[in-house]
Amino acid sequence: MGLGMVALRKKPHYVIVGEVRGKEIRQLFQIALTGHGCVSSIHAPSAQDLLIRLGGDEMGITKTQQASMNYLLNVQKVKTKDGGRIRRKASSLTEVIAESSGPRLCELFRYDPGSESFEPNGIEDVMNNSRCLDYATRFLGIPDVAEDMQRRMVLLQECVDKKAYGIDQMFGVISKYYQAGVP
């Protein structure tokens, strides 16, 4: 019995795998297709390149399985303006939309290294571009999506301001969000 099947016996909400490189990703997709949330990392230069890599012979993930993904976060090394240091930054967030022909990608955010900011920077643009957001907020019972996203952005900014980069520090800040009675 594989590790993934053993993990399911613990009835987790999410299965988190640090990194997948080969055929072990098939087990992760099998778990996701049972309805469990999964988070993992994999190396690819872009969201489109990731789909190509997943469908290749080494990994063998079908388009139907690929369509079970919701979001792809691309992280890249960029040179910062504060002394030209090289840092890892989230460079884009892409939504995966399931369609009969296979997954379609819709970029929600993109990092602009020149201005060191994300585009679009308005909640309305994100809400208009996302097909999953409306469903997720109805499922979670969030009545005002824009207000909820604004509150989340304030919390993330607080993490940055407090330099809360460790998991314990971030948890301390983010737990305030849930203590406010949010589902």
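Seven residues of the largest nonpolar core touch the most other members: Ile 25, Phe 29, Leu 54, Met 59, Ile 61, Met 69 and Leu 72. The core holds 16 residues. Two elements, α2 and α3 (47–55), each give two or more residues to this core. The model is a predicted one. In soluble globular proteins, nonpolar side chains tend to be buried together.

Met 69 shows how this core is joined up. Setting aside neighbours within four places in sequence, Met 69 is in contact with Phe 29, Leu 51, Leu 54 and Val 96. A second core lies apart from the largest one. This other core has five residues, including Ile 123, Leu 133, Val 145 and Met 149.

Now step back to the whole chain. The protein has 183 residues, and 28% of them count as buried. It contains eight helices and six strands. Along the sequence they run α-β-α-β-α-α-β-β-β-β-α-α-α-α. The C-alpha atoms fill a box of roughly 45 × 40 × 35 Å along the principal axes. Take the contacts between residues at least 6 apart in sequence: 39% of these join residues at least 24 apart.

The surface comes next. About 12,400 Å² is exposed, and carbon and sulfur atoms supply 56% of that area. The protein carries 24 positive and 21 negative charges. The mean positions of the two sets are 7 Å apart.

Return to the helices behind the largest core. Helix α2 spans residues 25–32. Its buried residues are Ile 25, Leu 28, Phe 29 and Ile 31. Viewed down the axis of α2, these buried residues fall within an arc of 155°, so they line one face of the helix. Two of them, Ile 25 and Phe 29, are also among the core members with the most contacts to other members.

Helix α3 buries Ala 47, Leu 50, Leu 51 and Leu 54. Their arc around the axis is only 100°, which puts them on the same side of α3. The cover over these residues includes α2, α4 (63–66), β3, β4 and β5. Two of the buried residues of α3, Leu 51 and Leu 54, are contacts of Met 69.

The smaller core leads to another part of the chain. Its member Ile 123 is found in helix α5. Ile 123 counts as buried because its relative accessibility is 9%, and the cut-off is under 20%. Beyond its neighbours within four places in sequence, Ile 123 is in contact with Ala 146, Met 149, Gln 150 and Met 153. Ile 123 and Glu 147 are 24 residues apart in sequence, yet their C-alpha atoms are 9.2 Å apart in space.

Leu 133, another member of that core, belongs to helix α6, residues 132–140. The buried residues of α6 are Cys 132, Leu 133 and Thr 137. They cover an arc of only 125° around the axis, which puts them on the same side of α6. Tyr 135, Arg 138 and Phe 139 are exposed on the other side. The buried residues of α6 pack against β3 (71–79), β4 (86–99), α5 (123–129) and α7 (145–161). Just after this helix, Gly 141 takes a positive phi of about 75°.

What kind of peptide bond joins Glu 119 and Pro 120? The bond is cis, with omega about -5°. Pro 120 sits in the loop between β6 (117–119) and α5.

Which residues other than glycine have a positive phi? Glu 116 is one of them, with phi near 50°. Glu 116 lies in the loop between β5 (102–112) and β6. With a relative accessibility of 35%, Glu 116 counts as partly exposed. Lys 163 is another, with a positive phi of about 50°. Its place is the loop between α7 and α8 (167–179). Lys 163 is exposed, at a relative accessible area of 55%.

Terms used:
Residues numbered from 1 in each chain as written. Predicted model: local features only at pLDDT ≥ 70, side-chain atom pairs only at ≥ 80, totals over all residues. Heavy atoms only, no water. Buried < 20%, exposed > 50% of the residue type's maximum accessible area, 1.4 Å probe, protein only. Helix = DSSP H or I, 4+ residues; strand = E, 2+ residues; numbered from the N terminus. Arc of directions from axis to C-beta. Contact = heavy atoms within 4.5 Å. Core = buried A, V, L, I, M, F, W, Y, C linked by side-chain atoms within 4.5 Å. Areas by Shrake-Rupley, 256 points an atom, 1.4 Å probe, with all protein chains shown as cover. Lys, Arg positive; Asp, Glu negative; His and termini not counted. Charge placed at Lys NZ, Arg CZ, Asp CG, Glu CD.
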